[in-house]
Amino acid sequence: FRNGFQPEMNSDIVDQSVTIGVEGTIGGWDWDLSNSFGRNRLDYQMDNTVNASLLQASPTSFYAGGHAFSQNVTNLDVSRFYDDVLAGVNVAFGGAYRLDRYEIFAGEEASYRDYGRAQVIENGQIVTRDTLGKDPGSQGFVGFRPENEVDRTRTNVAAYLDTEINVTEQLLVTAAGRYEHYSDFGGTLNGRLAARLGLLDGRLNLRGSASSGFRAPSLHQIYFNEVRTDISTDTGQLQNVGTFSNDSEVARVLGIPRLDEERSQSYSAGLTASPIPRLDLTVDAYQIEVDDRVVLTGEFSAGLADLLSQVGAQSAQVFANAVDTRTRGLDVVATYRQRLPVGRVELSASGNVNETEIQDLTIPATVRQNFDSDAVGDDVELDDIFFGRQERGFLTQSNPETKVTLSADYSAGPLGLLLRTVRFGEQVRPGFAQNQTHSPEWVVDATVSYQVTDAAQLSVGANNLFNNYPDKQVFGNTYLGVFEYAPVQQGFNGAFYFARLNVQL
C-alpha cells in the first residue's frame with residue numbers, strides 16, 4: 001500500500017431465536033408457561049489491511065475472531081381477577097429461570113501474532129526481542145488472542161407477586177414485588193407502588209408511581225477484553241489500546257473493584273385526559289436515579305505509566321462502577337381520531353424532553369495514589385483521564401434532549417396511508433478532537449399499504465423520504481476525513497426505500 005490504507009472491519013452476524021409455550025385455565029386461574037431461546041454470534045473479518053510484522057508475506061484479509069451470547073428463559077405466569085372483591089382485584093404471580101452464556105473466539109494466528117519476536121543471544125543469554133519493530137496483528141483491529149477467549153455462564157432465578165386493587169370505581173392501587181437470585185451476585189428484592197385516580201367521569205385520570213430497580217452487570221461487561229488500534233489522545237499517533245476484563249490482572253493492579261450491581265430509584269407522575277370527544281392526551285414527568293452505574297473508563301495512557309508497566313500495558317480501559325446519574329424528563333402525547341366521508345384518520349403529536357446528569361464520580365484509591373500529575377501537565381485532572389470529556393459526553397449527551405413526532409394515519413377499506421415527521425433536537429457529540437453541536441433535524445417517513453387479501457398486505461414506502469443527513473463533522477472529528485458524518489440524530493444512512501409483503505398464516 002504505497003499510498004497508505006484504510007482497514008475495513010466487516011462482520012458476519014447470525015441471529016437465532018425460538019419460543020414455545022402453552023396456556024390454559026385451572027380453577028379460575030389463568031396460566032402461561034413458555035420457554036424462549038436466543039443466540040447471537042458476531043465474527044470479525046479485517047480486509048484491506050496487513051500484519052506489518054509479516055512484511056511482504058502478509059495477507060490483506062484476516063479472520064479476527066468474534067463473540068457470541070445466548071440466553072434461555074423459562075417463564076411461568078399465573079393470574080386471576082376477582083370481580084366480587086371491592087371494585088375488582090387482580091392477582092398475578094410467577095417466576096422465571098434464565099441461563100446466560102457469553103463466549104469470545106480467537107482469530108487466526110496472523111491476526112494477532114508478532115512475527116518479529118525471536119530468540120536471540122545477548123551476553124551469552126537467550127532472550128526474546130522484537131527484531132523488526134513492526135506493529136503485530138491485523139492493523140485497525142488486532143484479532144482476539146487465545147488468552148482473550150472466554151466461555152462463561154450464569155443462572156438467574158426470579159419470582160414475583162403483582163396485585164391491582166380497584167378500591168373504588170375511581171381509585172386503582174397497584175403493588176408489586178420481585179425477588180431475583182444470580183449465581184454470581186446473590187439475591188435482591190425490588191418493589192413498585194402505583195396509583196391512579198379517575199375524575200370527571202373518567203375524562204381525567206391522575207397517576208403516579210415509585211419503584212426500585214436492580215441490574216447485574218452483563219457477562220460482556222465483566223469478561224470482554226480486546227486490543228484495538230486507535231489514535232492516542234495524548235500524542236495523536238496510532239497505538240494499540242487494550243480493553244481489559246474486570247477480573248484481569250490490569251484491573252487488579254489499578255485497584256478496580258469487582259463489578260457490583262447497579263441500583264435505581266424511579267418516580268413518575270402524570271395524567272391522562274379526554275378534554276373533548278375523540279381527543280386523548282397524556283402527560284408524564286419522570287425521574288430515574290442510578291447508583292454505581294457500570295461504564296467504560298477513559299484510556300489510561302498517561303499519568304499511570306508506572307502502574308501499567310507492572311502488567312506490560314501502555315494504555316488500558318476497564319469497566320467499573322464509576323458514576324451515579326440522574327435522568328429527568330417529560331413525555332406528552334396527544335391523539336385525535338376522526339371519521340371522514342371516506343375512511344378515517346388518526347392524528348397524533350408527541351414530544352419528549354429529558355436530561356441526564358452525573359451526580360458523582362468514584363475513582364479507586366489506588367488510581368488516585370499512583371496518578372503522576374507531572375506526566376500529563378498541570379491543566380489535566382485525574383477525572384479527565386479516568387472518565388473524561390468523551391466518556392461523560394456519550395453518557396449524558398448521546399441523544400438529543402428533545403424530540404417531537406407528528407403523524408397522520410389514514411385508512412379507507414383496504415387502503416392505508418401513513419405520513420410521519422420527526423424533529424430531532426440539537427445534539428452535542430463529544431468527538432475525537434472536540435465537542436460539536438449538531439443543529440436540529442427534520443425527517444419524514446411515508447408508507448402506502450394495501451390489504452390484498454385477509455392474510456396478505458403489501459406496503460411500499462420510505463424512511464427519511466427526502467434523504468436528509470445531519471451536519472457534517474468538523475474535520476478534527478473525522479479521523480483525517482474518513483468519516484464525514486457521525487451517527488447522531490437520524491444517523492448517516494440517508495433515505496431507505498422499501499417494498500414489503502406481510503403474510504399471516
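## Packing of helix α6

In this predicted model, the buried residues of helix α6 pack against four strands: β15 (279–296), β16 (316–339), β17 (344–361) and β20 (427–430). Helix α6 itself covers residues 389–396, and its buried residues are E391, G393 and L395.

## The chain as a whole

The chain contains 6 helices and 24 strands. Its C-alpha atoms fill a box of roughly 95 × 50 × 50 Å along the principal axes. Of the 505 residues, 37% are buried. Among contacts with a separation of 6 or more, 65% are between residues 24 or more positions apart.

The exposed area of the chain is about 27900 Å², of which carbon and sulfur atoms supply 52%. The chain carries 39 positive and 65 negative charges, and the mean positions of these two sets are 4 Å apart.

## An aromatic cluster around F144

The count of aromatic pairs comes to 10. One of them joins Y44 and F144, with 6.2 Å from centre to centre and 45° between the planes, a tilted arrangement. Y44 belongs to strand β2 (residues 29–47), whereas F144 lies in the loop between β7 (141–142) and β8 (150–166); the pair therefore ties together parts that are 100 residues apart in sequence. Y44 and F144 are both buried.

F144 also pairs with F224; the ring centres are 6.3 Å apart and the planes stand at 80°, so this pair is edge-to-face. F224 is placed in the loop between α1 (219–223) and β12 (226–231), and F144 in the loop between β7 and β8, so the pair ties together parts that are 80 residues apart in sequence. The relative accessible area of F144 is 1%, and F144 is therefore buried. F224 has a relative accessibility of 18% and counts as buried because the cut-off is under 20%. Ring pairs link F144, F224, Y44 and F141 into a cluster.

## Arginines over phenylalanine rings

Two arginine–phenylalanine arrangements can be described. The charged end of R41 sits over the ring of F105, at 3.8 Å from the ring centre. R258 lies over the face of F185, and here the distance to the ring centre is 4.8 Å.

## Two buried strand residues: L172 and S264

L172 is located in strand β9 (residues 171–182). With a relative accessible area of 11%, L172 is buried. Setting aside residues up to four places away in sequence, L172 touches E164, I165, N166, A194, A195 and R196. Between L172 and R207, which are 35 residues apart along the chain, the C-alpha separation is 9.2 Å.

S264 is part of strand β14 (residues 262–273). Its relative accessible area is 17%, so S264 is buried. Apart from neighbours within four places in sequence, S264 is in contact with S211, S212, G213, E289 and V290.

## Loop residues: L200, R278 and N467

L200 occupies the loop between β10 (186–199) and β11 (204–215). At 52% relative accessibility, L200 counts as exposed, because the cut-off for that class is over 50%. L200 is 73 residues from A273 in sequence, and the two C-alpha atoms are 9.6 Å apart in space.

R278 and N467 are residues other than glycine with a positive phi: the value is near 75° for R278 and near 55° for N467. R278 is found in the loop between β14 and β15, and N467 in the loop between β23 (456–463) and β24 (496–503). R278 is partly exposed, with a relative accessible area of 46%. N467 also counts as partly exposed, at 37% relative accessibility.

Note on methods. Residues numbered from 1 in each chain as written. Predicted model: local features only at pLDDT ≥ 70, side-chain atom pairs only at ≥ 80, totals over all residues. Heavy atoms only, no water. Phe/Tyr/Trp six-rings, centres within 6.5 Å; stacked < 30°, edge-to-face > 60°. Buried < 20%, exposed > 50% of the residue type's maximum accessible area, 1.4 Å probe, protein only. Lys NZ or Arg CZ within 6 Å of the ring centre and 35° of its normal. Contact = heavy atoms within 4.5 Å. Areas by Shrake-Rupley, 256 points an atom, 1.4 Å probe, with all protein chains shown as cover. Lys, Arg positive; Asp, Glu negative; His and termini not counted. Charge placed at Lys NZ, Arg CZ, Asp CG, Glu CD.
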